[in-house]
Amino acid sequence: MNIIKLEEMLKQFFNEDIGDGDLSSEFIFSAEQQGSFSFYAKESGIFCGVPIIEHGFLLLDRSMDITLLKKDGDEVNEGDIIAVINGSLQKLLIGERVILNLVQRMSAIATATNLAVRETIGTNAKICDTRKTIPGLRMLDKYAVRIGGAYNHRNGLYDSIMLKDNHIAFAGSIAQAVQAARAKIGHTVKIEVEIETKAQLDEAIAAGADIIMFDNRSPEEIRQWLPAVPPHIATEASGSITLHNLNSYAKTGIQWISLGALTHSVKAFDISALVQTKGAKSLVHH
């Protein structure tokens, strides 16, 4: 993960939340008052968010003492303590919401990804994500996918060519779209073509696509069409794939399965924070 970019992101997130100051914390507690802050899991899954906890709290106060009891990719169970942070009570409370929100989302993505990867055990299929991420959070979303045991598809529009139905419609045909792209790109850039029919599959193969995506095709269709694809062309399935039918797709012989659901529809992983001071103890829910 790009730490410089991460810290810039965190500064923006803190600025959005803090504004001119945290009235609740600053008007109740003194700047000298110290406290202990613990993150703990309220469900089972895969933890992800070490960089957020470390860099988030230290951005607010470089003297924070952070003890991480779990590392990214660790399985956690309900009640497990993830991290303990000691320092200024004001800063602990100021950073809690932003940091916890991000860690909950990243842990949810890692957990969902891990479940998907398990469905491919015994097959040659690999799970990857898509560009269906929250704007501004793509680096974190894709990091969480890797922590969950899967792979990243392209990071953006800039690192590979993916010809979808609208590109093909505007260009006139798959062949014309691939030809136009191939004439202008360097040898390190791959071209992926999305297909929905056997005729489009044949056209994509003839046009020299590097990757062919079977979009919204059933496992039966993919199984029937795959033998036509030469070994040097990578294959991918996407669309209408869920945990319930993922194994059926993995068993077709497809090489890659991309899942937008890993990042666009996860439910926040349940994590809470326990705040302790010398004279009080309180539970701060997520």
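How many helices and strands does the secondary structure of the chain come to? The structure is a predicted model. Its chain comes to eleven helices and 13 strands. The C-alpha trace spans about 75 × 40 × 25 Å along its principal axes. Of the 286 residues in the chain, 47% are buried. Contacts between residues at least 6 apart in sequence were also examined, and 68% of these join residues at least 24 apart. The chain exposes about 14200 Å². Carbon and sulfur atoms supply 52% of that area. The chain carries 28 positive and 34 negative charges, and the mean positions of the two sets are 4 Å apart.

Helix α3 covers residues 50-60. It is largely enclosed by the rest of the structure, because eight of its eleven residues are buried. The buried residues are V50, P51, I52, I53, H55, G56, F57 and L60. They pack against a mixed set of elements. The helices in this set are α1, α4 and α5. The strands are β1, β3 (65-68) and β5 (81-88).

Aromatic rings also connect α3 with β1. A search of the whole structure finds five aromatic pairs. One of them joins F37 and F39, with an edge-to-face arrangement. Their centres are 5.6 Å apart, and the planes meet at 65°. Both F37 and F39 are buried. F39 also pairs with F57. This second pair is tilted, at 6.2 Å centre to centre and 50° between the planes. It links distant parts of the chain: F39 belongs to strand β1 (residues 34-41) and F57 to helix α3, 18 residues apart. F57 is buried, as is F39. Ring pairs thus link F37, F39 and F57 into a cluster.

Helix α5 (residues 138-147) is mostly covered, with seven of its ten residues buried. Those residues are M139, L140, D141, K142, Y143, A144 and V145. They pack against α1 (3-18), α3, α4 (89-118) and α11. Just after α5, G149 takes a positive phi of about 105°.

C48 sits in the loop between β2 (45-46) and α3. Its relative accessibility is 0%, so C48 counts as buried. Which residues does C48 touch, not counting those up to four places away in sequence? The contacts are D72, V103, M106, S107, A110, Y143, A144 and I147. Two of these residues, Y143 and A144, are among the buried residues of α5. C48 and K71 are 23 residues apart along the chain, yet their C-alpha atoms are separated by 7.4 Å.

A second buried loop residue is L259. It lies between β11 (256-258) and α11 (261-264). Is L259 buried or exposed? Its relative accessible area is 7%, under the 20% limit, so L259 is buried. Beyond residues up to four places away in sequence, L259 touches A116, I127, C128, D129, T130, I241 and L246. L246 is 13 residues from L259 in sequence, and the two C-alpha atoms are 9.7 Å apart. In β11, W256 has a charged neighbour: K126 lies over the face of its ring, at 6.0 Å from the ring centre.

Backbone angles single out two further loop residues. Most residues other than glycine have a negative phi. N216 has a positive value, near 55°. It is found in the loop between β9 (211-215) and α9 (219-225). N216 counts as partly exposed because its relative accessibility is 36%. S240 also has a positive phi, near 60°. S240 lies in the loop between β10 (234-238) and α10 (246-250). Its relative accessibility is 54%, so S240 counts as exposed.

Technical notes
Residues are numbered from 1 along each chain as its sequence is written. This is a predicted model: local features need pLDDT of at least 70, side-chain atom pairs count only at pLDDT 80 or more; totals for chains, interfaces and linings use all residues. Side-chain values use heavy atoms; hydrogens and water are left out. Rings of Phe, Tyr and Trp (its six-membered ring) pair if their centres lie within 6.5 Å; planes under 30 degrees apart count as stacked, over 60 as edge-to-face and the rest as tilted. Buried means under 20% relative accessible area, exposed over 50%, partly exposed in between (1.4 Å probe, protein chains only). Helices (H or I, at least four residues) and strands (E, at least two) are DSSP runs, numbered from the N terminus. A charge sits over a ring if NZ of Lys or CZ of Arg is within 6 Å of the ring centre and within 35 degrees of the ring normal. Contact means heavy atoms within 4.5 Å. Accessible areas come from the Shrake-Rupley method with a 1.4 Å probe; for residues, only the protein chains shown count as cover. Lys and Arg count as positive and Asp and Glu as negative; His and the chain ends are not counted. The place of a charge is taken as NZ of Lys, CZ of Arg, CG of Asp or CD of Glu.
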